[in-house]
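Reader: Please show me the model, and then let us go through it by question and answer.

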Amino acid sequence: MTATAATAPAHHWQRFTPAERVMRSGFYVAVLIAIVWSLRSIEIIPEFLYDAPQQTVDLFVRMWPIDWAWYPKVVHAALIETLHTATLGTILAVALASLVALMVARNVTHSVVLNTVGRFILVATRSVHAMVWALFFVAVFGPGPLAGTLAIAVHSIGFTGKFLSEAIEEAKPGPIEALVAAGAPPLAVLLKGYWPQVKPAFLAIAMFRWDINVRESAVLGLVGGGGLGMALDTALSNLYWDQAGLVLLVIFAVVIVAELVTAWIRGKIL
């Protein structure tokens with residue numbers, strides 16, 4: 001037995017099978033081709049890159065000193081408008097996304113047609129960027145915060161509805177089956193069976209989406225959606241770099257504060 005063990009060939013361990021190695025090599029080659037193709041398509045001009053650091057420094061020099069006097073005149077009202085746009089857009093999105101999430105959740109809606117329609121709504125709303133939705137609503141309702149609010153709301157349906165539907169599908173079936181067996185109506189099943197399990201995820205998703213919407217609504221004004229973006233567009237159009245620097249600083253501060261607030265609230269909820 002010892003001689004047989006000594007003469008037996010040693011097993012050579014390989015992490016990947018030959019087929020997996022071929023697929024990995026093909027993937028790396030495809031990524032390399034995509035990178036080279038992208039670099040050639042965007043037509044990078046080396047001469048423009050040489051003085052990019054100098055141009056960047058010159059731009060920040062023009063923004064200093066910041067025109068603080070412009071804040072109470074224009075920026076403060078634009079900031080409040082931005083926060084209102086993000087908040088109302090998030091509330092409207094959560095309300096609509098909740099209905100779509102119920103359509104998509106297979107443990108609530110057993111109709112394949114309704115599931116398909118709901119998934120189409122989720123994909124269609126989140127596949128179009130908020131800036132594009134803002135351009136569409138500006139064309140319909142004219143420039144202003146209404147267009148920005150609707151753009152935020154419609155774009156947020158896909159993100160919010162997707163995560164809400166997943167949270168509903170992950171609900172434990174025990175309480176739901178008990179309510180159904182007791183003869184509870186569908187509304188009672190939703191409120192007493194699903195809602196207590198989904199509530200933490202629902203609130204966390206809503207707060208996280210509001211955080212994202214604050215960032216997006218801050219720039220929707222560049223295409224007519226109101227808020228800080230319109231103030232920034234005005235400053236850039238008039239080449240008032242000190243005022244543009246003020247708007248950028250306010251946007252940065254608002255994003256940081258919104259991130260801290262939502263992180264604290266999510267920590268308390270979860």
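Author: The expected span of a helix is 1.5 Å times one less than its number of residues. Helices (H or I, at least four residues) and strands (E, at least two) are DSSP runs, numbered from the N terminus. This is a predicted model, in which local features need pLDDT of at least 70 and side-chain atom pairs count only at pLDDT 80 or more, while totals for chains, interfaces and linings use all residues. Residues are numbered from 1 along each chain as its sequence is written, and side-chain values use heavy atoms, with hydrogens and water left out.

Reader: How many helices and strands does the protein have?

Author: From the N terminus on, the elements run α-α-α-α-α-α-α-α-α-α-α-α. The count is therefore 12 helices and zero strands.

Reader: How far does helix α5 reach from its first C-alpha to its last?

Author: Helix α5 covers residues 70-104, which is 35 residues. At 1.5 Å a residue, 51 Å is expected. The helix bends by about 30° at H76, where a bend is the angle between axes fitted to the seven residues ending there and the seven starting there. The reach of α5 is close to the expected value, at 48 Å.

Reader: On which residue is the kink in α8 centred?

Author: Helix α8 (residues 145-169) has 25 residues and should span 36 Å at 1.5 Å a residue. Its end C-alpha atoms are 35 Å apart, which agrees. The kink in α8 is about 35°, and its centre is S156.

Reader: How many of the 25 residues of α8 are buried?

Author: Buried means under 20% relative accessible area, exposed over 50%, and partly exposed in between (1.4 Å probe, protein chains only). Of the 270 residues of the protein, 33% count as buried. Helix α8 is largely enclosed by the rest of the structure, because its buried residues number 19 of the 25.

Reader: Over the ring of which residue does the charged end of R209 sit?

Author: R209 lies in helix α10 (residues 186-217) and is buried, with a relative accessible area of 4%. A charge sits over a ring if NZ of Lys or CZ of Arg is within 6 Å of the ring centre and within 35 degrees of the ring normal. K162 lies over the face of F163, at 5.8 Å from the ring centre. For R209 the distance to the ring centre is 4.9 Å, and the ring is that of F159.

Reader: Which residue of helix α10 is in contact with R209 and also touches A130, I152 and H155?

Author: Contact means heavy atoms within 4.5 Å. Not counting residues up to four places away in sequence, R209 touches T90, H155, S156, F159, T160 and E216. The residue of α10 that touches A130, I152, H155 and R209 is buried, with a relative accessible area of 15%. That residue is E216.

Reader: Are the rings of F137 and F141 stacked or edge-to-face?

Author: Rings of Phe, Tyr and Trp (its six-membered ring) pair if their centres lie within 6.5 Å; planes under 30 degrees apart count as stacked, over 60 as edge-to-face and the rest as tilted. The structure holds eight aromatic pairs. F137 and F141 both lie in helix α7 (residues 130-141), four residues apart, about one turn of the helix. Their ring centres are 6.2 Å apart and their planes are at 20°, so the pair is stacked.

Reader: Is F141 buried or partly exposed?

Author: Ring pairs link W133, F136, F137 and F141 into a cluster. F137 is buried, with a relative accessible area of 10%. F141 has a relative accessible area of 46%, so F141 is partly exposed.

Reader: Which helix gives the largest share of the largest nonpolar core?

Author: A nonpolar core is a set of buried Ala, Val, Leu, Ile, Met, Phe, Trp, Tyr and Cys residues joined through side-chain atoms within 4.5 Å. Of the 21 residues in the largest one, W70, V75, L228, V247 and V250 touch the most other members. Two or more residues each come from α5, α10, α11 (228-237) and α12 (241-269). The largest share, seven residues, comes from α12.

Reader: How many residues does the second, separate core have?

Author: In soluble globular proteins, nonpolar side chains tend to be buried together. The second core includes L164, A167, A171 and A206. Its size is 14 residues.
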